[in-house]
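Here's a quick tour of a protein model, meant for someone who is just getting started. Have a look at the structure first, and then we'll go through some of its contacts bit by bit.

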Amino acid sequence: MAYSIKTQLTDAKKQKPAADELGFGKYYTDHMFMMDYNGEEQGWENPRIIPYQPISLDPAAKVFHYGQTVFEGLKAYRTADQRILLFRPQKNFKRLNLSNERIDIPPIDESFVLQALKELIQIDQDWIPTEKGTSLYIRPFIIATEPSLGASTSTHHQFIIILSPVGSYYPEGIHPVKIYVESEYVRAVKGGIGMAKTAGNYAAGLKAQADVSAQGFAQVLWLDGVHRKYIEEVGSMNVFFKVGGKVITPALNGSILDGVVRNSILQLLKLWNIPTEERMISIDELYEAYLSGTLEEAFGTGTAAVISPIGELHWQDKKLVINGGDTGELSAKLYDTLTGIQNGEKSDVLEWMVEV
Ligand code: COI
């Protein structure tokens with residue numbers, strides 16, 4: 001498809017927040033990208049960059065009633081020599097199409113939307129923060145817009161990209177977080193939508209998240225929905241454990257998210273000849289490792305969370321304090337390497353970065 005992107009620039013640019021006020025997902029840049037899907041015959045059309053603004057939808061739009069929606073999260077960085085880099089954006093758009101497939105949303109043209117994203121970032125490039133630990137978070141998403149209460153696939157959709165300058169996802173920053181192992185609720189089951197990046201998976205976790213936040217935990221760790229014992233993922237992160245020198249992460253089994261950072265960490269560990277295992281790991285096995293002193297480190301990985309060391313895991317009445325509650329050596333090395341590659345300070349040995 002040959003598209004050309006219509007651009008309408010704002011004449012009312014917003015004031016940019018100070019770096020120490022950023023937090024996560026609180027501020028949005030001056031422009032956004034949009035395109036529409038108006039039925040099979042027309043397909044995706046009318047790509048445009050417009051001033052950031054509210055969107056107007058019919059109250060019967062299917063996204064409100066049946067949750068037909070998918071999203072992605074990726075980041076852009078400004079290097080010291082003023083280049084703008086994206087971290088593995090092709091993987092995000094590929095995963096968006098996998099989510100689309102599962103939720104029955106028509107596929108997008110991955111290379112076109114990457115081009116559109118680059119154009120949007122060029123326009124709003126002054127919004128990319130440069131302070132350590134900051135970046136421009138990119139949120140592409142699709143919503144079902146057909147105004148119909150029939151519980152069936154929408155004939156119309158909108159694809160939108162918004163940009164948000166961000167600091168760290170957790171107030172703890174790179175300091176270890178406390179995580180609660182959830183035994184009552186489950187997030188997903190095999191055959192369900194757990195592998196798709198779709199709103200319903202996050203909605204399923206909100207109640208558990210709210211309950212444990214009130215007790216001082218950053219997030220919950222989900223166990224599998226059938227046996228209620230195999231570790232799946234944390235609210236907004238994949239999860240890794242260093243046990244007796246090996247690094248173990250739950251295998252992609254259809255109910256957990258195929259994280260871009262997860263994949264990148266596995267690649268770095270292989271490059272460093274650190275043994276890795278992608279397999280089922282039960283909470284009992286982890287507890288045994290803790291008791292025997294072989295559970296050395298735990299950390300979560302995600303675009304928003306980057307690498308987040310886990311200092312404490314609470315499971316039923318047990319409290320597992322990992323690495324004395326401090327950031328482990330490997331977690332710190334992974335964080336420094338990954339963020340160094342992302343902000344252009346370290347050599348991009350695995351050729352991940354894409355210049356805008
Ligand atoms: C991301 O890490 O980009 C995500 O989409 C997780 C979200 C809960 C912030």
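Let's jump in with a salt bridge: in this predicted model, the side chains of Glu 278 and Arg 262 meet with an N to O distance of 2.8 Å. Glu 278 belongs to strand S14 and Arg 262 to helix H5 (residues 260–271), so this bridge ties together parts that sit 16 residues apart in sequence. The two partners aren't equally open to the outside: Glu 278 is partly exposed, with a relative accessible area of 39%, while Arg 262 is down at 2% and counts as buried.

**More salt bridges**

- Strand S14 (residues 276–279) also holds Glu 277, and Lys 246 sits in strand S13 (residues 246–250).
- The side chains of Lys 246 and Glu 277 meet in a salt bridge too, at 3.3 Å from N to O.
- That pair ties together parts that are 31 residues apart in sequence, and Lys 246 is partly exposed at 37% relative accessible area.
- Which residues end up in one network, thanks to salt bridges that share partners? They are Lys 246, Glu 277, Arg 279 and Glu 285.
- For a pairing that reaches along the chain, look at Glu 355 and Arg 83, whose side chains form a salt bridge of 3.8 Å, N to O.
- Glu 355 is in strand S18 (residues 353–355) and Arg 83 is in the loop between strand S5 (74–78) and strand S6 (84–87), so the bridge ties together parts 272 residues apart in sequence.
- Both ends of that bridge are partly exposed: Glu 355 has a relative accessibility of 44%, and Arg 83 has a relative accessible area of 29%.
- How many salt bridges does a search of the whole structure find? The count comes to 12.

**Aromatic rings**

- The structure contains 13 aromatic pairs.
- One of them is Phe 24 with Tyr 169, an edge-to-face pair with 4.7 Å between the centres and 80° between the planes.
- Phe 24 is in the loop between strand S1 (6–7) and strand S2 (31–38), and Tyr 169 is in the loop between strand S8 (156–166) and strand S9 (177–181), so the pair ties together parts 145 residues apart in sequence.
- Phe 24 is partly exposed at 24% relative accessible area, and Tyr 169 is partly exposed at 31%.
- Phe 33 and Phe 159 make another edge-to-face pair, 6.0 Å from centre to centre with 75° between the planes.
- Phe 33 lies in strand S2 and Phe 159 in strand S8, so this pair ties together parts that are 126 residues apart in sequence.
- Are these two rings' residues buried or exposed? Phe 33 is buried at 0% relative accessibility, and Phe 159 is buried with a relative accessible area of 0%.
- Phe 33 and Phe 159 are also members of a cluster linked by ring pairs, along with Tyr 37, Trp 44 and Phe 112.

**Charges over rings**

- The charged end of Lys 333 sits over the ring of Trp 272, 4.1 Å from the ring centre.
- Likewise, Lys 318 has its charged end over the ring of Tyr 287, 5.5 Å from the centre.

**Around the ligand**

- Phe 24 and Tyr 169 turn up again here, among the residues around the ligand.
- Other residues around the ligand include Phe 71, Gly 73, Arg 139, Lys 197, Tyr 202 and Ser 236.
- Tyr 137 has an N or O atom in its side chain that is 2.6 Å from an oxygen atom of the ligand.
- Thr 303 and Ala 304 come in through the backbone instead: a backbone N or O atom of Thr 303 lies 3.4 Å from a ligand oxygen, and one of Ala 304 lies 2.8 Å from a ligand oxygen.

**A look at helix H2**

- Helix H2 (residues 89–103) has 15 residues, and at 1.5 Å a residue it should span 21 Å.
- Its end C-alpha atoms are 21 Å apart, so the model agrees with that expectation.
- Buried residues in H2 include Pro 89, Phe 93, Leu 96, Asn 100 and Ile 103.
- Just after H2, Asp 104 takes a positive phi of about 65°.

Key:
Residues are numbered from 1 along each chain as its sequence is written. This is a predicted model: local features need pLDDT of at least 70, side-chain atom pairs count only at pLDDT 80 or more; totals for chains, interfaces and linings use all residues. Side-chain values use heavy atoms; hydrogens and water are left out. Helices (H or I, at least four residues) and strands (E, at least two) are DSSP runs, numbered from the N terminus. The expected span of a helix is 1.5 Å times one less than its number of residues. Buried means under 20% relative accessible area, exposed over 50%, partly exposed in between (1.4 Å probe, protein chains only). Rings of Phe, Tyr and Trp (its six-membered ring) pair if their centres lie within 6.5 Å; planes under 30 degrees apart count as stacked, over 60 as edge-to-face and the rest as tilted. A charge sits over a ring if NZ of Lys or CZ of Arg is within 6 Å of the ring centre and within 35 degrees of the ring normal. A salt bridge is a side-chain nitrogen of Lys or Arg within 4 Å of a carboxyl oxygen of Asp or Glu. A residue is near a molecule or strand if one of its heavy atoms lies within 4 Å of it. A polar contact is a pair of N or O atoms within 3.5 Å; within protein, one must be able to donate a hydrogen and the other to accept it, and residues adjacent in sequence count only if both atoms are side-chain atoms.
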